[in-house]
Every structure is written in structure tokens, then in C-alpha cells.
Amino acid sequence: MKVNTYNSFAALGLEFYTRLATTPLNNPRLVHADHAVGALLGLSPQALSTPEFLAVVSGSAPLPGGDTLATVYSGHQFGVWAGQLGDGRAHLLGEIVGPQGNWEVQLKGAGMTPYSRMGDGRAVLRSSVREYLASQAMVGLGIPTTRALSLVSADDPVMRETVETAAIVARVAPSFVRFGSFEHWASRKRPDLVRQLADYVIERFYPECLSVAAGVTESPEARYVRFLEAVVRRTALLMANWQVVGFCHGVMNTDNMSILGLTLDYGPYGFMDGFDARHICNHTDTNGRYAWHAQPAVAHWNLYQLANSLFSIVPDAEALRNALDAFEPTFLNAMQSYMSKKLGLKTWQAGDEVLIDDLWSVMQASHADFSMTFRQLAFAPGLTEATPGQLALDLGGTVGDGSGSLKPFIDLFVDREAAGAWLIRYRDRVALESTPWQQRVSDMLAVNPLYVLRNYLAQQVIEATQRGDFSELENMMDLLAAPFSARAGMERYAALPPHWASKIEVSCSS
Ligand code: AMP
Ligand code: MG
């Protein structure tokens, strides 16, 4: 396995991590390796099927040229300061210089570290499959995320609620630095190390924060304020991205918040089936702190914790507060733009906010399926030609130009009349734009996914993988890579969830 490496995190110094070796697994098998992620690292598909590759991604051999270490961070868990956490079951193998940029490679589940606390340093196959699939789902949806290079399964027993087996996901990202990495040094009263970490992250990932207009003199702290502004912006966009696909992270603790605005640390996440704004995907989150509707506000709260840490190097509290204040408008603007696209609207007009709010309400009242509501809405193109009377009488039939049936949309709602009434308003709104309906349909289908990583589908992949059948995982990886285009023979992956799906409980146990 030949790669170029440049281990920049290791160069930060020994305070930031502990050097250590991974603990190999028994009888590791490669379940899957992602060719697209391999290509980012400069690895050919052939390289991903060699014994050398398996040895590295199963924790049996170090990355050639790498520098294996576990990083330290702290964080707020469920709103409470938790003190030191750190990579309890993650090993950073090193940083690979890829054809288009550098990527850190991390193994999740490769054994204990000084930060394992009560944990065993392992990850079970069940949760590893979930992380693997979720990374792909996000890539397919165009949502910033850490990537997954490979999934390895092994024989080692791992005790959770029951005895399960161990697995390792090799994750890849430009950086795994978290909000909690900054909180760590601020809480330890080490502004020098907060500054060092900020300088590192800015130089590598936010170089735009370094540029000062010619002739302008500014305080040395100004760059850190711009850095916070940039992280606020990326985080607000990430939240809007999550909200419009019905994604719930489940454990939005500050140690799970990427400084790069990536979706990070897939645990008890979920893509919503029936819409409920208060949906809680993490069975352990009894108070719903991380419910779907709460995610943007929680992200904002988490950014406050980051700003608090930066306060140790930026004495100007007002400047930091101003940076934080940009969260809400940035988030709302992004929501407006993404929701317009989902509805196939090219402009933002008076009344659109109410129209969209009312759609959420109609969906909420019927617990209408999140993804299918938007997908099927695209297939009601004849709307522009129907009169309100026709529509009201013809909720089950085909209207207008005959190219689309309203029935699949209306069938998603218990309250069909309410859905029909909303459709009439939507039709009138669509009629205010001159987009040909064919164009609107294809625009909508390009942003509203057909194949969604529903919990029950993930569960089916997990069970097949546990039986040693990797074909379901491969199918799902293919579908999630291109979730917007319908494929023949794959109808069952686009079906509404079966009754048992609502009984699946996903907790922090992983
Ligand atoms: P999480 O909320 O899953 O992101 O994890 C919170 C903290 O617990 C992090 O420091 C993890 O590294 C650590 N952790 C979680 N599971 C384990 C495990 N099985 N062994 C060691 N540490 C763990
Ligand atoms: Mg975590």
C-alpha cells in the first residue's frame, strides 16, 4: 500500500494526543471498501483488495508513513460539562496526501486508548454498518460529512446489551477536530494551546480568515473572530441540510461537532419516516434535547460553547457575540433556499413562508412520510391545469395534463382534505412562475431523494451482514450513492416503512 503522508496533526505536539498502537482483531474480513474514497487517497480499486490494505484498516499494521495516535478533547454532553473525553476508540493513523488534498484516516473500534474511560475501545458490527451507510447517504445527498473508506468485520465478541461481534470502520476527513478540542484547552486555562489549535485549523482549512485588505490594520485577534464567523456559517448550513432531509443526529454533544461543519460521529442517528417535528431518534434522549426541531438551536448553543473557548484568546466578547448572531439569519436563509428547491420554486415570494409552514403542519397532523411527501409532490404536475373544484372532487384520480396522479401524494395523509386544500394553494403558487412543468418535475426529483437510509433498511443490511451476506450492503451503497434516480428492480428500497419499523429502538449503545 503506497501512499504519501504528511502528519500535520502529529506536529502539533504531545499535549494534543497520545501516540499508541492499535489492537488487532481476530480473523478480520473486509466487508466493503469504497472505491470513491480510495480514489481520494490515491488508492486504486486493486490496492483496496490487497492483504496489506486489510492489515492497515483492521488495525493489524500501521499506515506506512503514518503516525498512530489518539487525540484528546473535552465536551458538553446533553448540555452538561463532561470534562475530558477524547478518542476512546478511535486511532488516527495519519494524514494521506491525496491527488486533490489531504485526508486524515482514522480507525473506529481498533482498541483502547488512554481516553477509553469505562469503554472497551471497540465498535460492534451493527453500529459500524450504520456509520458506514450513513456516510454514504450523506455523500449521495450532497451533505458535508466524514467519509467511510472501509468496513471490516471480525470474530471478537463485544459485550453490549447482548454479545455482539467487533468491527472497524476506517473514516476519512480533512480533520476530525471538534468544538470539544477547543473547549478542552480553554477549560484547562491554556489559551496558548487554544491559539495553537486555532492557528492550525485556520491555516489549513480557513485560510480566507488570514487575509486582510491592503492598508487595513487590525488586532491580532481579528482572525479568530472571522474563524468563528466561518464556523458559524458552515454549521448553520449543515443544520439546514439536515433539516430538509429529515435527518436527526441523535447525539449533538459539543464533542461530536466538527470544526469543519461536517456531519460527524454517527451513532443513534435517523432519517425520519413519518414526519413529527418532535421526533427523537435516540432512545436514550428521554427529554428530546436532540429532537429534530431542536437541532438548529442546539447547534447554536454548541457554537456558544466554542465562542466561550475562543474568548480565552479574543478578549472582545461583543465581536464574538456578533459572530454568533449570524447563525439564525444564515440558517433561515439556507432553509428558504433549500425549501424553495424542494418545492420546485425558482423565486421567493410573499406568502411562501406561510405556504411552507402549512405544509409542515399538514404533514405533522398526518405524520406523513417525510421523504415521500416531497418526492410525490413532484409527481403532481397536472395541478396547474386543474380547477379547484376538479381537484377537490378528484383527490384519488389523475388531473390536468394526465401526466401525474395526485393519489400517491394524497395517500400519504390521513387528513386527505387538508392535503388536498394545501395542494390547491401550492398549485396556485406554482402558476405564478412560468417554469414548464417538466422542468419543475425534474428539478424537484433532483433534490428530493427516492432512496433514503431508513432505519428499517439499515436494520435489514445489518442482519444480512451479520449472516455474512454482504450483497445487501453493496446494494444499499449503490442506491445511496445516487438516491435521486429511480432504478428498475429496486422498488422495495423505495417503499414506505413496514409496521415494525416504528418499533426499532436505536440508542447510544454502539
Ligand atoms: P460518543 O457520544 O459516542 O461520540 O462518545 C463519547 C465519548 O465516549 C468519546 O470520548 C468516545 O471516544 C467514548 N466512547 C464511546 N464508546 C466507547 C467505547 N466502546 N470504548 C471507549 N470509548 C468509547
Ligand atoms: Mg463522539
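This report describes the surroundings of ligand 1 and of the magnesium ion (ligand 2) in a predicted model.

Ligand 1 sits in the largest pocket. The shell around this ligand holds 17 residues, and those that come nearest are Gly86, Gly88, Arg117, Gly121 and Asn256. By class, the shell divides into eight charged, seven polar and two nonpolar residues.

Three polar contacts of ligand 1 are listed below, with the atom on each side and the distance.

| Residue | Protein atom | Ligand 1 atom | Distance |
|---|---|---|---|
| Gly86 | backbone N or O | oxygen | 2.6 Å |
| Gly88 | polar backbone atom | oxygen | 2.8 Å |
| Asp120 | side-chain N or O | nitrogen | 3.0 Å |

On its own, ligand 1 has 480 Å² of accessible area, of which the protein covers 81%. Gly86 and Gly88 thus appear both in the table and among the residues that come nearest to ligand 1. In these two contacts the protein side is a backbone atom, whereas Asp120 takes part through its side chain.

The magnesium ion (ligand 2) has Asn256 and Asp265 as its protein donors. Asn256 contributes OD1 and Asp265 contributes OD, at 1.9 to 2.1 Å from the ion. Both donor residues, Asn256 and Asp265, are buried.

Which residue links the two sites? Asn256 is a donor to the magnesium ion and is also one of the residues that come nearest to ligand 1.

Note on methods: Residues are numbered from 1 along each chain as its sequence is written. Chains are lettered from A and ligands numbered from 1 in the order in which they are written. This is a predicted model: local features need pLDDT of at least 70, side-chain atom pairs count only at pLDDT 80 or more; totals for chains, interfaces and linings use all residues. Side-chain values use heavy atoms; hydrogens and water are left out. Donors are N, O and S atoms within 2.8 Å of the metal (3.2 Å for Na, K and Ca); water is not among the atoms, so sites may look incomplete. Buried means under 20% relative accessible area, exposed over 50%, partly exposed in between (1.4 Å probe, protein chains only). A residue is near a molecule or strand if one of its heavy atoms lies within 4 Å of it. A polar contact is a pair of N or O atoms within 3.5 Å; within protein, one must be able to donate a hydrogen and the other to accept it, and residues adjacent in sequence count only if both atoms are side-chain atoms. Accessible areas come from the Shrake-Rupley method with a 1.4 Å probe; for residues, only the protein chains shown count as cover. On a 1 Å grid over the protein atoms alone, a cavity is a set of points where a 1.4 Å probe fits but cannot get out, and a pocket is an open set with protein on both sides within 12 Å along at least five of seven lines; lining residues have an atom within 4 Å of a point. A molecule sits in a cavity or pocket if more than half of its atoms lie within 2 Å of its grid points. Ala, Val, Leu, Ile, Met, Phe, Trp, Tyr, Cys and Pro count as nonpolar, Asp, Glu, Lys and Arg as charged, and the others, Gly among them, as polar.
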